[in-house]
Amino acid sequence: MKKLVALMVIVMLLIIPFAGVQSQNELPPLIAFTSNRDGNQEIYVMGIDGSNPINLSNNPAEDWHPDWSPDGQHILFTSNRDGNLEIYVMDANGENVVNLSNSGSNEQAGAWSPDGQTIAYDSDASGQRDIWLMDANGNNQRRLTSTGIVKTDPAWSPDAQRVVIWART
């Protein structure tokens with residue numbers, strides 16, 4: 001029961017932020033989620049009514065932590081498909097997968113800024129888990145936090161002026 005409640009909360013947080021009139025270029029309202037129904041963690045989408053789940057990442061590596069781009073055209077996710085944790089992006093249909101962080105350190109928990117121009121994520125590139133920022137194309141990677149505590153799971157304020165994080169001493 002606890003897993004079902006947790007899944008429902010995650011699903012509610014990941015619903016695409018548009019559900020109005022659709023143009024030909026927009027996808028129908030979908031939910032992105034992580035499931036191990038195929039034997040390992042994969043990124044799926046499904047209708048908001050739970051219909052038609054589709055495995056988008058379909059890779060033998062572990063893929064998790066999906067985050068929709070503000071325009072609904074791309075999905076950020078974390079994967080270990082290159083041997084360490086990296087931030088990837090793919091089209092909303094699962095095509096054109098690109099490693100954005102592309103480093104020897106571990107990056108995870110990517111979050112799009114509301115304008116889609118910047119991605120916040122956590123990384124151990126500095127020797128500790130800190131929050132970093134990068135441009136949406138993976139360029140201009142820079143550390144945002146630098147204290148002696150673990151920081152992870154960034155999320156943006158609606159005006160993109162603040163980033164909230166989970167921190168542990």
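This is a guided tour of a predicted model, taken one selection at a time.

**The first sheet**

Start with residues 30–35, which are strand 1. Then add residues 42–47, strand 2. The two strands run antiparallel and are paired over 6 bridges. To see one of these bridges, select serine 35 and its partner in strand 2, glutamate 42.

Now add residues 54–55, strand 3. The 3 strands make an open sheet with antiparallel pairing, in the order 1-2-3. Strands 1 and 3 are its edges, and each of them pairs on one side only.

**A stacked pair across strands 1 and 2**

Keep strands 1 and 2 on screen and show the side chains of phenylalanine 33 and tyrosine 44. A search of the whole structure for aromatic pairs finds 2. In this one the ring centres are 5.5 Å apart and the planes are at 20°, so the pair counts as stacked. Phenylalanine 33 belongs to strand 1 and tyrosine 44 to strand 2, with 11 residues separating them in the chain. Are these two residues buried or exposed? Phenylalanine 33 is buried, because its relative accessibility is 3%. Tyrosine 44 is buried as well, also with a relative accessible area of 3%.

Next, select arginine 37. Its charged end sits over the ring of tyrosine 44, at 5.1 Å from the ring centre.

**The other pair, in strands 5 and 6**

Move to phenylalanine 77 and tyrosine 88. This aromatic pair is stacked, with 5.5 Å from centre to centre and 20° between the planes. Phenylalanine 77 is in strand 5 and tyrosine 88 in strand 6, so the pair ties together parts 11 residues apart in sequence. Both residues are buried.

Add arginine 81. The charged end of arginine 81 sits over the ring of tyrosine 88, 5.3 Å from the centre of that ring. Where else does arginine 81 make a link, and with which aspartate? Select aspartate 63: the two form a salt bridge whose closest N and O atoms are 2.9 Å apart. Aspartate 63 lies in strand 4 (residues 63–68) and arginine 81 in the loop between strand 5 and strand 6, so this salt bridge ties together parts 18 residues apart in sequence. Aspartate 63 is buried at 0% relative accessibility, whereas arginine 81 is partly exposed at 22%.

**The nonpolar cores**

Select Leu30, Ala32, Ile43, Val45, Leu56, Trp68, Ile75, Phe77, Tyr88, Met90 and Ala92. Together these 11 residues are the largest nonpolar core. Strand 1, strand 2, strand 5 (74–79) and strand 6 (86–91) each give two or more residues to this core. Another core lies apart from it and has 9 residues, including Ile87, Trp112, Tyr121 and Trp132. In soluble globular proteins, nonpolar side chains tend to be buried together.

Go back to methionine 90 and show what surrounds it. Beyond its neighbours within four places in sequence, methionine 90 contacts several residues, among them Ile43, Leu56, Ile75 and Phe77. The contacts of methionine 90 also include Ser57, Gln73, His74, Glu95, Asn96 and Val97.

**Strand 10 and its two hairpins**

Now select residues 130–135, strand 10. Of its 6 residues, 5 are buried. Add residues 118–123, strand 9, which runs antiparallel to strand 10 and is joined to it by 6 bridges. One of the bridge partnerships is between threonine 118 and aspartate 135. Strands 9 and 10 form a hairpin with 6 residues between them, and glycine 127 in the turn has a positive phi of about 95°.

Then add residues 142–143, strand 11, paired antiparallel with strand 10 over 2 bridges. Leucine 133 has arginine 142 as its bridge partner in strand 11. Strands 10 and 11 also form a hairpin with 6 residues between them; here the turn holds glycine 138, with a positive phi of about 95°.

**Salt bridges at aspartate 130**

Finish on aspartate 130. The structure holds 6 salt bridges. One of these joins aspartate 130 to arginine 143, with the closest N and O atoms 3.3 Å apart. Arginine 143 is partly exposed, with a relative accessible area of 40%.

Lysine 151 also forms a salt bridge with aspartate 130, with a closest N to O distance of 2.9 Å. Lysine 151 is in strand 12 (residues 150–156) and aspartate 130 in strand 10, 21 residues apart. Both lysine 151 and aspartate 130 are buried. As a last selection, take Asp122, Asp124 and Arg129, which are joined into one network by salt bridges that share partners.

Conventions:
Residues are numbered from 1 along each chain as its sequence is written. This is a predicted model: local features need pLDDT of at least 70, side-chain atom pairs count only at pLDDT 80 or more; totals for chains, interfaces and linings use all residues. Side-chain values use heavy atoms; hydrogens and water are left out. Two strands pair if DSSP finds at least two bridges between them. Helices (H or I, at least four residues) and strands (E, at least two) are DSSP runs, numbered from the N terminus. Buried means under 20% relative accessible area, exposed over 50%, partly exposed in between (1.4 Å probe, protein chains only). A nonpolar core is a set of buried Ala, Val, Leu, Ile, Met, Phe, Trp, Tyr and Cys residues joined through side-chain atoms within 4.5 Å. Contact means heavy atoms within 4.5 Å. Rings of Phe, Tyr and Trp (its six-membered ring) pair if their centres lie within 6.5 Å; planes under 30 degrees apart count as stacked, over 60 as edge-to-face and the rest as tilted. A charge sits over a ring if NZ of Lys or CZ of Arg is within 6 Å of the ring centre and within 35 degrees of the ring normal. A salt bridge is a side-chain nitrogen of Lys or Arg within 4 Å of a carboxyl oxygen of Asp or Glu.
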